[in-house]
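Please open the structure in your viewer, keep the selection tool at hand, and follow the stops below in order.

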Amino acid sequence: MAKGLELLEKLCQAFGPTSCEYEVADIICAELEGKYDEHTVDFIGNHIFRIKGTSDKKLMFSAHMDEVGLMLSSIDENGYIYFQPVGGFDIKVLCGRKLFVGDYGKEKISGLIASKAIHQQSHEERGRATPIDRMYIDIGAKSKEDAEKYVSVGDYAVFDSDFVRFGDGMIKGKAIDDRLGCAVLCDIVNYIHENKIKPDFDLYFCFTVREEVGRSGASITANRIRPDMAIVLEATAVADIAGTPDYKRVAKTGSGPAVSYMDNGTSYLPEMTNFVMDLGKKHDIPCQLKQYVSGGNDAGHIHKASGGVKTAAISCPTRYIHSASCVFNEADYDSMYRLAREAALCPVNETPLK
Amino acid sequence: MINDLKTIMRIQGISSREGKIGAKLTEIIKPYVDEVSTDPLGNVIAVKRGSAKEPKKIMLCAHMDEIGFVVNYIQDNGLVRVSRVGGINYVAAAFTRVVFENGVKGVIVPEGKTDPKDYTPEKFYIDLGVKTKRDAERKVKIGDACALESTCVKLGGQKYTGRPFDDRIGCYVLTEAAKQIKNPENDVYYVFSVQEEVGCRGSYAASFTVRPDIGIAVDVTPSGDVVGAGTNLCVKLGGGAAVKVKDSSVMCDHKLVSDLVSIAKEKDIPYQMEVLTYGGTDTCSMQTVAGGSRAGCISVPVRFCHTQNEIIDMDDVDACVKLTVAACEAVL
């Protein structure tokens with residue numbers, strides 16, 4: 001397994017729901033130790049690693065550290081725990097899932113989302129998704145008092161899901177969105193460090209918080225750095241799955257990273273989309289346009305921050321995104337890393353800033 | 001006068017593709033301002049410096065972009081699937097012509113036998129008159145944008161129909177105002193913004209750059225004098241410049257609204273009040289970005305907004321120009 005994928009496995013296993021990204025940040029800080037010129041952590045938890053360039057043009061790379069999760073909202077007399085989603089969930093993916101429950105600095109305990117056995121379901125309940133207020137987390141506690149020894153209201157839960165290779169170069173795991181982007185950024189920093197490269201761009205590698213809820217991390221970071229150009233690294237839904245007509249397809253796994261021209265948060269400037277697609281062509285790196293207009297990412301806040309920033313987004317096609325088992329293709333990771341690396345090392349006068 | 005308006009309506013500029021219309025507006029406004037520049041997103045920002053010792057900044061803002069469609073898939077049989085850019089009225093758009101940036105034309109149609117009440121973006125495709133995917137790809141590619149085709153035609157009185165009056169009519173008001181505002185006390189910024197139709201994104205960036213004390217958007221507002229409009233739309237075509245009190249994106253600055261009304265009364269400019277229960281304008285960005293500003297909006301009434309046959313009354317436009325000029329010359 002490539003070094004980046006080993007790091008990605010570690011990052012995916014970390015406990016980092018929105019606004020509790022500390023464990024992810026700890027891994028990233030350890031990985032990048034001594035490989036940058038400047039490291040800043042802001043008040044909200046964004047980590048910014050700067051590698052100085054030969055020009056004064058700032059290029060901001062951004063990947064978010066947070067993952068979708070749950071927040072514990074009440075504990076009943078039996079020790080069953082009710083919860084609210086943190087980030088966008090299809091509630092159908094929750095029933096029966098194994099979870100890690102806890103908070104940063106606390107020991108994580110196992111739990112699962114209970115679901116009524118089919119034997120006990122009424123005729124109306126069968127075949128229907130259980131509404132979220134009727135689902136609860138079972139941590140095996142005897143009572144409310146017992147449960148409160150381990151968890152408290154305000155704690156989080158994330159999926160307990162292994163990082164597994166299967167099939168033809170496919171990998172499944174939780175939190176691929178967007179630990180994959182974080183791993184790609186670390187890979188680029190490692191490459192620059194190992195090869196002692198002096199980039200033309202003044203590079204800012206930003207690991208942001210709170211993308212899944214409100215995107216405030218990216219907004220704050222972009223206003224702080226005031227970049228000339230920004231590239232967001234993400235995981236995107238693909239819809240190359242059963243039951244989706246071709247024209248609603250977003251991207252195809254195995255065909256390289258998807259470059260956005262439009263999503264619900266950003267209308268990318270054609271010059272930025274073309275810049276990234278042309279880089280792929282020039283360096284013989286597979287890439288594709290993200291086709292169906294849907295979703296959004298940190299670019300939505302970055303491009304209109306600080307008086308306007310020319311922004312692109314490169315995403316790894318990921319099936320079953322926001323579920324316990326996100327699936328991506330190893331080759332797509334490699335292509336995404338190479339494409340983003342070429343963008344980072346591109347001379348300023350060969351970009352839309354010329 | 002109308003020819004100047006027709007010139008800026010003919011140039012296509014779908015959200016995030018405003019380069020050409022931006023260049024034209026730069027050329028038009030240049031002789032009447034001290035500086036003009038284009039920001040990273042394509043917003044055109046022009047400024048006429050004021051004579052006061054400590055001038056305030058008044059930001060006038062009209063958006064250059066228009067709604068349209070973007071290609072997201074080309075089928076094997078050459079038919080083109082599109083997503084909408086901004087608030088498309090699909091009932092109006094069905095079976096009409098579209099034109100791409102490169103001049104390629106097509107017809108946008110719903111899938112056969114679709115009832116108009118079931119019109120959703122996914123049900124529509126563009127027929128370019130080609131037989132294969134390869135032929136279609138010679139004309140357009142994924143990510144290309146197109147808009148509804150239309151020409152500007154005179155109707156009764158001072159009324160004209162065409163598109164996109166939303167919001168080239170606002171751009172026109174700004175250029176006409178610039179010709180008349182010769183020695184302002186305050187700095188007057190003329191901002192032609194990008195990407196309003198997809199969420200006021202351009203003005204968000206431009207407001208950060210300008211940091212106005214007072215922000216006035218000039219945009220269109222739906223006119224309520226159409227059959228079946230209901231009682232909630234108070235603005236009428238021919239009723240003068242509409243002074244916005246609210247829409248669903250903003251509650252305008254109370255003092256600015258009453259100042260605009262006093263100015264209109266004093267200068268005998270026809271005006272009407274606008275209270276809109278939906279919609280949004282660049283006013284919202286100017287009000288909140290970078291410390292915020294006192295923000296309001298002067299609206300041009302328009303019938304059938306976001307269709308290929310919007311209708312405006314040039315007498316209203318004239319009133320909007322007068323009110324804009326008077327507001328910039330007054331001490332607000």
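Begin by selecting Gly69 of chain A together with Val86(A), which stands opposite Gly69(A) in strand β5 of chain A. This is a predicted model, in which local features need pLDDT of at least 70, side-chain atom pairs count only at pLDDT 80 or more, and totals for chains, interfaces and linings use all residues. To find your way, note that residues are numbered from 1 along each chain as its sequence is written, while chains are lettered from A and ligands numbered from 1 in the order in which they are written.

**The hairpin in chain A**

Widen the selection to strand β4 (residues 69–75) and strand β5 (residues 81–86) of chain A, which pair in the antiparallel sense over six bridges. Strands here are DSSP runs of E with at least two residues, helices are runs of H or I with at least four residues, and both are numbered from the N terminus; two strands pair if DSSP finds at least two bridges between them. Strands of a sheet pair through backbone hydrogen bonds, either parallel or antiparallel. β4(A) and β5(A) form a hairpin with five residues between them, and in the turn you can pick out Gly79(A), whose phi is positive at about 90°.

Which other strand pairs with β4(A)? Select strand β9 (residues 156–159) of chain A, which pairs with β4(A) in the antiparallel sense over two bridges, and there look for Tyr156(A), which stands opposite Met71(A).

**Chain A as a whole**

Now show the whole of chain A, which has eight helices and 17 strands, and whose C-alpha trace spans about 65 × 45 × 40 Å along its principal axes. A compact globule of 354 residues would have a radius of gyration near 20 Å, and the 21 Å of chain A agrees with this; the radius is taken over C-alpha atoms, and the globule rule is 2.2 Å times the number of residues to the power 0.38.

Of the 354 residues of chain A, 52% count as buried. A residue is buried if 20 or more other C-beta atoms lie within 10 Å of its own, exposed if 12 or fewer do, and partly exposed in between, with the C-beta atoms placed from the backbone.

Next, colour domain 1 (3–67 + 174–350) and domain 2 (69–159) of chain A separately, remembering that such bounds come from an automatic or database domain assignment. The C-alpha centres of these two domains of chain A lie 31 Å apart, and the contact between them takes 13 residues from domain 1 and 16 residues from domain 2. Two residues are in contact if their C-beta atoms, placed from the backbone, lie within 7 Å.

**A helix and its neighbours**

Select helix α5 (residues 216–225) of chain A, whose buried residues are Gly217(A), Ala218(A), Ile220(A), Thr221(A), Ala222(A) and Ile225(A). Against which elements do the buried residues of α5(A) pack? Show β2 (47–51), β3 (58–64), β12 (202–208), β13 (229–237) and α7 (299–302) of chain A, for these are the elements they pack against. After α5(A) comes Arg226(A), which has a positive phi, near 55°.

**Across to chain B**

Bring chain B into view, where 24 residues are in contact with 21 residues of chain A.

Within chain B, select the closed barrel of six strands, which runs β4-β5-β8-β7-β6-β9 with antiparallel pairing. One pair in chain B to examine is strand β5 (residues 80–85) with strand β8 (residues 124–127), which is antiparallel and has two bridges; in β8(B), Tyr125(B) is the bridge partner of Arg81(B).

**Two residues of one helix**

Finish at helix α2 (residues 19–29) of chain B, where Ile21(B) is found and where Lys24(B) also lies. Is Ile21(B) buried or exposed? Ile21(B) is buried, because 26 other C-beta atoms lie within 10 Å, whereas Lys24(B), with 19 other C-beta atoms within 10 Å, is partly exposed.

Leaving aside residues up to four places away in sequence, Ile21(B) touches Ile8(B), Ile11(B), Gly13(B) and Met64(B), and Lys24(B) touches Ile8(B) and Ile11(B). As a last check, set a C-alpha to C-alpha distance between Ile21(B) and Ile8(B), which are 13 residues apart in sequence and 7.0 Å apart in space.
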